[in-house]
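Open the model in your viewer and keep the sequence panel beside it. This tour goes from one selection to the next and says what is found at each stop.

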Amino acid sequence: MILCQDFTLHTHTNLFDGKNTAVEMINAAKKCGMVAIGISNHFIVHPDISTTKSYAAAQRGEYAKMYMSNFNDTIYEFLRHYEELRQIAEHESIKVLCGMEVDFFDSRDWQNGFEKALKILKPDYIIGSGHFIEYGGTLCNIHDMANAEADEREKMLHEYWKKISRIARSGFFNWLAHLDLPKKRDLGRDEKWRDDEERAVRAIAESNARIEINAKGFTLSCKEAYPSPRILKMVADADIPVLISDDAHSVDQVCRNFEDAELLINEFDIKKRVQLTDFS
């Protein structure tokens, strides 16, 4: 099968929570026949991030740089990271782009800090993500949702989908990642979530935003890409542009399942594709 998409932009390195160096990831992309790769490590800044269970796990896993409590430290780490990438790019046969996968937060302080970071860092593209929601005065992620009582879990999932709409409307992001991420913990699969999903997809369309088909762990037989077939039908009907992402955290994950994702795009008759020229 000939792939329509010959670039991969949602990848991570061992400076954050990936397993391999930037050079190793770039070499893996070249072996797959890609003409470009973007490195998009996590940009997660919140003053209360150290109170989360995820932060403790990151400390144990030696990838604490992906969770920061202030923008100055994050900007410092990303400046060093981007400097290395741009030096590597000068000697590469494929295009190497500097991206970031950003968790959006609603506060004015966060938005001011993020705007400052963008002026300094000048990333080639920005992925919008919702790994965290602010609920009940605390930061929670999908694992916290899964462990909550049923009533609280439902309220948290409603808040999650509201946040997806706010991410789209913020105007900060080139595309949104793994829309139905709670599915990772088997949450929000049934039809009762259709209304929440439709509102989020409508916000994406009205904002002229784009989404990824995140093929992480995907097989065509069970259609476990993010987003689900139910949401992909909405995306196709709303004529929202898509790109394929591998969300690669190691070299063996680069370009994984791209062919199945292409089949999925054809199955749902998705017409609009995000092009590499949108970022370069």
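Which strand and helices each supply at least two residues of the lining of the largest pocket? Select strand 3 (42-45), helix 2 (53-60) and helix 5 (142-147): each of them does so. Keep in mind throughout that this is a predicted model.

**Stop 1: the largest pocket**

Stay with the pocket and show side chains for Asp 17, Tyr 67, His 131, His 143 and Lys 184. Of the 25 residues that line the largest pocket, these lie nearest its centre. The space in this pocket comes to about 590 Å³. If you colour the lining by class, you will have 9 nonpolar, 8 polar and 8 charged residues.

**Stop 2: helix 3 and helix 4**

Next select residues 71-89, which are helix 3, and residues 108-121, which are helix 4. Their axes are 10 Å apart, and the helices pack at an angle of about 25°. Angles under 35 degrees count as roughly parallel, so helix 3 and helix 4 are described that way. The crossing of helix 3 past helix 4 is right-handed. To see the contact, show Phe 71, Asn 72, Ile 75, Phe 78, Leu 79, Tyr 82 and Arg 86 on helix 3. On helix 4, the residues to show are Asp 109, Trp 110, Gly 113, Phe 114, Lys 116, Ala 117, Ile 120 and Leu 121. This contact is made up of 10 nonpolar, 2 polar and 3 charged residues.

**Stop 3: helix 6 and helix 7**

Now move to helix 6 (residues 150-170) and helix 7 (residues 194-206), whose axes come within 8 Å and cross at roughly 5°. Helix 6 is therefore roughly parallel to helix 7. Helix 6 brings His 158, Trp 161, Ile 164, Ser 165, Ala 168 and Arg 169 to the contact. From helix 7 come Asp 196, Glu 197, Arg 199, Ala 200, Ala 203, Ile 204 and Glu 206. Sorted by class, the contact of helix 6 with helix 7 has 6 nonpolar, 2 polar and 5 charged residues.

**Stop 4: helix 7 and helix 8**

Keep helix 7 selected and add helix 8 (residues 229-237); the two pack at an angle of about 35°, with axes 10 Å apart. Helix 7 passes helix 8 in a right-handed crossing. Which residues of helix 7 meet helix 8? They are Arg 194, Glu 197, Glu 198 and Val 201, and their partners in helix 8 are Arg 230, Ile 231, Met 234 and Val 235. The contact of helix 7 with helix 8 holds 4 nonpolar and 4 charged residues, with no polar ones.

Technical notes
Residues are numbered from 1 along each chain as its sequence is written. This is a predicted model: local features need pLDDT of at least 70, side-chain atom pairs count only at pLDDT 80 or more; totals for chains, interfaces and linings use all residues. Side-chain values use heavy atoms; hydrogens and water are left out. On a 1 Å grid over the protein atoms alone, a cavity is a set of points where a 1.4 Å probe fits but cannot get out, and a pocket is an open set with protein on both sides within 12 Å along at least five of seven lines; lining residues have an atom within 4 Å of a point. Grid points are joined across faces, edges and corners, and a volume is the space filled by probe spheres set on the points. Helices (H or I, at least four residues) and strands (E, at least two) are DSSP runs, numbered from the N terminus. Ala, Val, Leu, Ile, Met, Phe, Trp, Tyr, Cys and Pro count as nonpolar, Asp, Glu, Lys and Arg as charged, and the others, Gly among them, as polar. Axes are lines fitted to C-alpha atoms, for helices over the stretch in contact, and angles run from 0 to 180 degrees between N-to-C directions. Angles under 35 degrees count as roughly parallel, over 145 as roughly antiparallel, 65 to 115 as roughly perpendicular and the rest as oblique. A crossing is left-handed if the near helix is turned anticlockwise from the far one by less than a right angle, and right-handed if clockwise. Contact means heavy atoms within 4.5 Å.
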